[in-house]
Each structure stands twice: as structure tokens, then as C-alpha cells.
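Q: Could you take me through one part of this model in detail, namely the packing between its helices? I'd like to see the pocket, the cores and a couple of buried side chains as one picture.

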Amino acid sequence: RKRNSLREISDLEMNMSAHQAEIQEAMNNIKRIEENIVHEKKRMQNFLDNVEVLKRDIEEYENRAREGKNQIFEVSHRNKKVSSTVEELCRELENVKAKASKTNREANVLQKMILSTQAESKIVEAKVAKGEKKKSDIEKDMDKMKTEVKELQFKHGLLTRDRDALLRE
């Protein structure tokens, strides 16, 4: 009986150390995931800031394009000799439109990246919650094992006392 009790105590202690290692690994994973969440939130905020800047740039480019169109119209009616200026403004207008289009595409790409990052953040948060639950379950199992070890030690003490009493008789 004593040998079985000692073996059970040894097995429980090994299980406790294995669970402690799992808890430590889970804690490390949780910490790493939390750091990733913070990093992703910062990245998301940077993307949002960039989108706002790009939107302002688009508005500025569109305003400049309208101004360029108006200037072209006025110049072409005033003087036909300034056609080179008009052509230059047309090129600038096309460049502004191209930049506005490019900026709009970049804003759309950034918006998609933001949505993707938000989805990833939700997944990471779900993983953190799952890790926390696993940690809680493991801690409950460890508490249960500690109680079992105490009970086994108590039984072992009783068996030892009984054996000693029998040996004395």
C-alpha cells in the first residue's frame, strides 16, 4: 500500500509539474498575444491616420483640378497665344487626376487592410480568451491534485501509524 501511495504521490507531483509548465507556456502565449494585439491596434490607428491624410489629399487634388480647369477656360478665352500655358495646365490636371486616383486606390487598400487587421484582432482576442479559459481549467485541475496529494499523504500517515502500531503489537 505504501509503495502504491508513494507511486501515486510521485505521479501526481509529475502531473503537477507538467501542468505548471503548461500554465507557464499558456501565460507566455497570452503575453505574446497581448503584445501582438497592442501592436496591431497601433498599426490600425496608423492606417486610419493615413486614410484621413489620403482623403484630405484627394480633396486637395480635386480642388486643384477644378481650379486648373477654370484657369484653362479663362486663359483659352483671353488669349490664344498662351496655348502652351493651357497645355501645361492640362498636363498638370491629368497628373493631379492620376494622383487623386492613385491616392483613392491607396485609401481603398488601406481601408481593406484595416478591416483585415480588425478581423485578425478579433481572432487573436478569441485565442486569448481560449487561453485564459485553459489556464483557469489547468489551475482548477492543479488545485484538485493538491487536495488529492494532501489526502494521500494523510492516508499514508494513517497507514504508517497503523503499521507501526501493528509492528509494536
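A: Happy to; here is a walk through the pocket, the nonpolar cores and two buried residues.

A quick note on the ground rules: this is a predicted model, in which local features need pLDDT of at least 70 and side-chain atom pairs count only at pLDDT 80 or more, while totals for chains, interfaces and linings use all residues. Residues are numbered from 1 along each chain as its sequence is written, and side-chain values use heavy atoms, with hydrogens and water left out.

Let's begin with the largest nonpolar core (a set of buried Ala, Val, Leu, Ile, Met, Phe, Trp, Tyr and Cys residues joined through side-chain atoms within 4.5 Å; buried means under 20% relative accessible area with a 1.4 Å probe, protein chains only). Its seven residues are Met-44, Phe-47, Val-51, Leu-54, Ala-107, Leu-110 and Ile-114. Both α1 and α2 give two or more residues to this core, and α1 has the largest share, with four. (Helices are DSSP runs of H or I, at least four residues, numbered from the N terminus.) Apart from this core lies another of six residues, including Ile-9, Leu-12, Met-145 and Leu-152.

Within the largest core, Leu-54 is a good residue to zoom in on: leaving out residues up to four places away in sequence, Leu-54 touches Thr-103, Glu-106, Ala-107 and Leu-110 (contact means heavy atoms within 4.5 Å).

Thr-117 sits in helix α2 and counts as buried because its relative accessibility is 2%. Beyond its neighbours within four places in sequence, Thr-117 contacts Glu-40, Arg-43, Met-44 and Phe-47. Met-44 and Phe-47 also belong to the largest core.

His-156 is in helix α2 too, and its 17% relative accessibility is why it counts as buried. With the same sequence neighbours set aside, His-156 touches Lys-2, Ser-5 and Leu-6.

Finally, the largest pocket holds about 240 Å³ of space. On a 1 Å grid over the protein atoms alone, a pocket is an open set of points where a 1.4 Å probe fits, with protein on both sides within 12 Å along at least five of seven lines; lining residues have an atom within 4 Å of a point. α1 (2–78) and α2 (83–168) each supply at least two lining residues, and α1 gives the most, with six. The lining includes Glu-22, Glu-25, Asn-29, Lys-127, Lys-130 and Ile-138, and divides into four nonpolar, two polar and five charged residues. Here Ala, Val, Leu, Ile, Met, Phe, Trp, Tyr, Cys and Pro count as nonpolar, Asp, Glu, Lys and Arg as charged, and the others, Gly among them, as polar.

Terms used: Points joined across faces, edges and corners; volume = space filled by probe spheres on them. Buried < 20%, exposed > 50% of the residue type's maximum accessible area, 1.4 Å probe, protein only.
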